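Work through the following exercises with the sequence and the structure side by side, and try each task before you read its solution.

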Amino acid sequence: MEPIKEEPMTSVERVLTAMALKEPDRVPVWPLIDFLPIKYYDVTAQEMIEDPDKSQEAYEWIYHKLGGYDIAMAGGGMFMQYINPFPDIFSALYLDWRLPGRMLGPNEPPQLVEQSLDDPFITEKDYDKIIEKGLLWLGNFKRASMKDMKKLGKIGPKVAENVVKWWTHFQVPTFADGAGTTPFDLLSVFRGSTNFMKDIYRFPDKIKEVSDFLIDNMILMGEYGARMSGGKTLLVGGARASADFISIKHFEELYWPYFKKMVTRYVNDGFIVQMHLDTNWTDRLHYFKELPKGKLYLHMDERTDIFKAKEILGDHICIQGNLKPSLFTLGTPAMIEKQTKEIIDKCAEGGGLFVGAEIPDDAKLENVKAMVDTCKTYGVYKK
Amino acid sequence: MGAKEELLQAVVELEEEKSYTLVKKVLDEGVNPKEIIDILREGVEIVGERFNKKEYFLTELVMSGEIFQQSAKILETAMKEESETSESLGVVVIGTVKGDVHDIGKNIFVTLLQAAGCEVHDLGVDIHAEKFVAKVKETKAKIVAYSGLLTVALDSMKKTTQALNSAGLREEVKIIIGGLPVDELWMNEAGADAYTDNAFKGVKIVTNWLKEG
């Protein structure tokens, strides 16, 4: 398919300008689309993961259908994510991920089964075992097979091609060529969040010890993933260290030092870092001022107050967000337009803003288009 | 400070081991197990209030639930000996609806409902509408709680309400939905009576309904 060339800047230029805290031609817009094409295009959820050509075709189709937007997903990238040989929260080689065509129907998007209280993936005794033996012994073939590992070698180069295609042909940056996970988040999914929250009270020093042991190699694992797909972007996500889960005291002790080390290293190594924060981080936004200025973007969902984020971080970090995902399924184009305008009104001045949201798999296309179109018309910066 | 006050304080400050020691101590002093349960409940309640004021977070709610449950186990034997049973406030059927397997919030809600004195039947995750209906019939529950995180869950919530309706049970029960994204739009769409993204507030809604009869 042909690139869309209707605006003064390409998406790459626009995104880099906004990230550097300057005003681009208009406010960049980013609907985070992963499985939405299965509702509108002839492709299944299984193919979106396992077929890099078909999924790239589907992503290009929806990109055109919506008239273009500013960050895209490379076809096949989700295979690298779910069949990651290294321990990561998305890897089906470690965790109980239900994947389409395996434990789910071919058209049902993946879901993570939270570890049970009584029989978690690792027990509290395994903290010492991790320090002694590392993490790879935890890998298993319950949800993925050796065949998948072989396929990884074939899909890898295809994903790399798709990444390059977005950057050079369409001139659109890609989303998450690799991903870094903090020790805190990994241990939480390995233990199950409820067990892990008890551990936070019972053995905080042990969690710190394991995190200190893991952090440097976990940083490298993320970089390795991005380099293997020839990518420039790295996602660092967070959900379970927010104000919806833990206190500032626990955040300071067990999360922030590791998150900061990871993100700073990625920036210093030349990656574009996409911080992706789910749930409510409003009361801890000021910590993000400790990260390198103008080199990152920070995505937040509707639980974090984006207006506060602009106030606290506006001169330091490009912010993204924060329409509520379910609004794209339940709401109307008028509702989306109104919210998009409000974000632009209050946060666009001076640059450093992306409007964005995670798009649910059953979203209405006209609702997604309403967000994209509003940024292209109402979000134009006046020179 | 007497041992009872100390126990209350230990629960509120989430001092786990100290709480268990004090539960045994007041039991040895001859305090009625039912009274001890009430102290524990008061402790969990205060933790919940601090959570609402954002002085405490989910971790603290989880710990208070754990302290309650482990303490209740210590008291179980004593309560049996005195052939006392703690009277239940009412029956709640809960589950994460069909198509969704997220249960972090649901599990915390279950623990807090139990701490508040409800008899809870937790169906688990990915639960078909008919299973909710069967359990409501079996337990004569007055409250049904649906949990969900994904938008697919909303469709399943709607179907579960329809199934309760077809079975002639909708008028018999109150429905509450819970999960991070739920709001008024979700509640109306799901045909529910209340919604919450806050486990502690959810427990308040349910216990108020049960008290109203």
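**Exercise 1.** Determine which elements of chain B make a β-α-β unit with strand 4 of chain B as the starting strand, and state the handedness of that unit.

*Solution.* Begin at strand 4 of chain B, pass over helix 8 (residues 184-190) of chain B and arrive at strand 5 of chain B; together these make a right-handed β-α-β unit. Helices (H or I, at least four residues) and strands (E, at least two) are DSSP runs, numbered from the N terminus, and a crossover is called right-handed if, with the strands pointing away from the viewer, the path from the first strand over the helix to the second runs clockwise. Next, look at the pairing: strand 4 of chain B and strand 5 (residues 194-196) of chain B are parallel and share three bridges, where two strands pair if DSSP finds at least two bridges between them. Within this pairing, B:I176 has B:A194 as its bridge partner.

This is a predicted model, in which local features need pLDDT of at least 70 and side-chain atom pairs count only at pLDDT 80 or more, while totals for chains, interfaces and linings use all residues. Residues are numbered from 1 along each chain as its sequence is written, chains are lettered from A and ligands numbered from 1 in the order in which they are written, and side-chain values use heavy atoms, with hydrogens and water left out.

**Exercise 2.** Find how strand 3 of chain B is joined to strand 4 of chain B, and explain why strand 4 of chain B is largely enclosed.

*Solution.* Strand 3 (residues 143-147) of chain B runs parallel to strand 4 of chain B, and five bridges join them; B:S147, for instance, is partnered with B:G178. The connection includes helix 7 (residues 151-166) of chain B, which forms a right-handed β-α-β unit with these two strands. Finally, strand 4 (residues 174-178) of chain B is largely enclosed by the rest of the structure because four of its five residues are buried, meaning under 20% relative accessible area, with exposed over 50% and partly exposed in between (1.4 Å probe, protein chains only).

**Exercise 3.** Compare the surroundings of A:A176 and A:T279: which is buried and which is partly exposed?

*Solution.* Most residues other than glycine have a negative phi. A:A176, however, has a positive phi of about 50° and lies in the loop between helix 7 (146-170) and strand 4 (178-180) of chain A, where its relative accessible area of 26% makes it partly exposed. A:T279 has a positive phi of about 70° and belongs to the loop between strand 6 (272-277) and strand 7 (296-300) of chain A; with a relative accessible area of 6%, A:T279 is buried.
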